[in-house]
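User: I have a model open and want to go through some packing and ring pairs. Can you take questions as I look?

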Amino acid sequence: MISFILSLVALVLGYFIYGKFVEKVFGPDDRPTPAVAKADGVDFIAMPNWKVFMIQFLNIAGTGPIFGAILGAKFGPVAYLWIVFGCIFAGAVHDYMCGMLSIRHGGANLPDLVGVYLGSKTQKVMLVFSVLLLMMVGVVFVYSPAEILTHIWEPKAISSFLGHNTFWIALIFIYYIFATMLPVDKIIGRIYPLFAFSLLFMAVALMIALFVKMPALPEVWDGLSNRGAETLGFTDAVFPCLFITIACGAISGFHATQSPLMARCVKDERMARPIFYGAMITEGIVALIWATVAMYFFYNDPTPGYQLMEAAKDSGAHTSAPRVVSIVCNDWLGLFGGILALLGVVAAPITSGDTAFRSARLIIADFLHFEQHSIRRRLMICIPMFAAGICMLMWQMADADGFQKIWSWFGWSNQTLSVFTLWTATVYLVQSKKPFWMTLIPALFMTVVCSTFLLISKQAFGLSPAISYTGSIVVLLIATAWFFTWMRKR
């Protein structure tokens, strides 16, 4: 628990110290924001700062800081270091820079920002890449909540005729259509703060329970190797798998597609640090809490948590992230905790999915120069987009390994997106003659993480660790040489 307490303090100090430094480097001022200058009543709407923060937090969080932290906790206390350092020096900087650059460019989406700083060819690649990623997010976050809801209740007449999960999948997609089409303040602006509060309340309640229980957990100084390799049979390499597994809570490229949504709703540039940097630090705290809860579940001394809980005796319960959430919340927080767990594993992924489709609509609209004030123009994008999403979902359901395949590639794609965002911010800082190292270092690190995962993963090249790590060093040298050569030419 000492590692948890130190990590918690570090995250809070990171916001006030390093976050203030990042803000000073960028330099917010009094110029009108897009929410004011380009107000359209649909996507550009000035909203209260607290509401923008809550929506931003839920947009970037979803179940990421819960499920990712639980899976990452299998590696052991090394997860603490990645959450703390990744969040303060990479993830929060990534989100703040993307949000501020979007504000300065009239609420521009990520592909447009990439086009400005990395060139039109990279912009086209990023357009396709980001839309595919957002489609995967929407599809991934349909089936899992639908399956959970089916176990609670489903109309027998519909399930016998169309099959299991169909009723809830249809309802979720209908909700997606309305949330994607309607002005941002109609659904998202009204219900998201409630879900965000539930997610935060659940995390705080679990943190209090941790301090009451004070479980005996492995500490950082006990070793940073993959603790799960011996205890749980979890044999993935810490590098790069930990840095792909824990994305939300450390750094996530998906956030770069969400920050522009709220960049169109911020009334004052000076609120960007609490909204963008602060929301990421808050997500890091949530991930830290869940990682600690999961370590109690996996490694509590002398008996792991899953062996202490009567409800966890089902086969495989201690390896399923949603199952861990449900068991821990019900055991520690009672009936009310069970309700919060339901919100966490059902509402959170659904709300991530709808903003993913909304972001995809806006990215496509900006590329095609389609104004989005009229419903007809929104439908022209949404109809083929949802049709493609339904086809992807049908493939996922037909293939027994479909969900796992989409999720694995989503994880890699997510972190690869962060690489593009960090390089975009680095070029901006160089051009503005500002300290570029604050994004260059995480850009190089995440470039190496993503390239190594591509080399070592069995779903990609599946090379040996020795060859993969050698290849990652080569990638690091090439990326570093490319950057400094480009900067010298400037």
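Analyst: Contact here means heavy atoms within 4.5 Å. This is a predicted model.

User: Fine. Leaving aside neighbours within four places in sequence, what is Thr 439 in contact with?

Analyst: Outside those neighbours, Thr 439 is in contact with Val 93, Met 97, Leu 422, Ala 425, Thr 426 and Leu 429.

User: Where is Thr 439 placed, and in which helix?

Analyst: Thr 439 is in helix H20.

User: Buried or exposed? I mean Thr 439.

Analyst: Thr 439 has a relative accessible area of 1%, so the residue is buried, the limit being under 20%.

User: And how far apart in space are Thr 439 and Leu 333?

Analyst: The C-alpha to C-alpha distance is 40 Å, with the two positions 106 residues apart in sequence.

User: Back to H20. At what angle do the axes of H6 and H20 cross?

Analyst: Roughly 115°, and the axes come within 10 Å. H6 covers residues 78-104 and H20 covers residues 437-456. The two helices are therefore roughly perpendicular to each other. The crossing of H6 past H20 is left-handed.

User: Which residues meet there, H6 against H20?

Analyst: From H6, Trp 82, Phe 89, Ala 90, Val 93 and Met 97; from H20, Met 438, Thr 439, Pro 442, Phe 445 and Met 446. By class, the contact has 9 nonpolar residues, 1 polar and no charged ones.

User: Different topic. How many aromatic pairs does a search of the whole structure find?

Analyst: The search finds 36. In one of these, Phe 197 with Phe 201, the ring centres are 6.0 Å apart and the planes are at 35°, so the pair is tilted.

User: Where do Phe 197 and Phe 201 lie?

Analyst: Both are in helix H11 (residues 188-213), 4 residues apart, which is about one turn of the helix. Phe 201 counts as partly exposed, at 37% relative accessibility.

User: What about the rings of Phe 436 and Phe 483?

Analyst: That pair is tilted too, because the planes are at 55°; the centres are 5.5 Å apart. Phe 436 lies in the loop between helix H19 and H20, and Phe 483 in helix H21, so the pair ties together parts 47 residues apart in sequence.

User: Phe 483, buried or exposed?

Analyst: Phe 483 counts as buried, at 1% relative accessibility. Phe 436 counts as partly exposed at 22%.

User: Which residues do ring pairs link into a cluster with Phe 436 and Phe 483?

Analyst: Trp 423, Trp 482, Phe 484 and Trp 486 are in that cluster with them.

User: Last one: how many residues of H13 are buried?

Analyst: In H13 (residues 238-245), 6 of the 8 residues are buried. They are Val 238, Pro 240, Cys 241, Leu 242, Phe 243 and Ile 244.

Conventions. Residues numbered from 1 in each chain as written. Predicted model: local features only at pLDDT ≥ 70, side-chain atom pairs only at ≥ 80, totals over all residues. Heavy atoms only, no water. Axes fitted to C-alpha atoms, helices over the stretch in contact; angles between N-to-C directions. Parallel < 35°, antiparallel > 145°, perpendicular 65-115°, else oblique. Left-handed = near helix turned anticlockwise from the far one by under 90°. Nonpolar A, V, L, I, M, F, W, Y, C, P; charged D, E, K, R; others polar. Buried < 20%, exposed > 50% of the residue type's maximum accessible area, 1.4 Å probe, protein only. Phe/Tyr/Trp six-rings, centres within 6.5 Å; stacked < 30°, edge-to-face > 60°.
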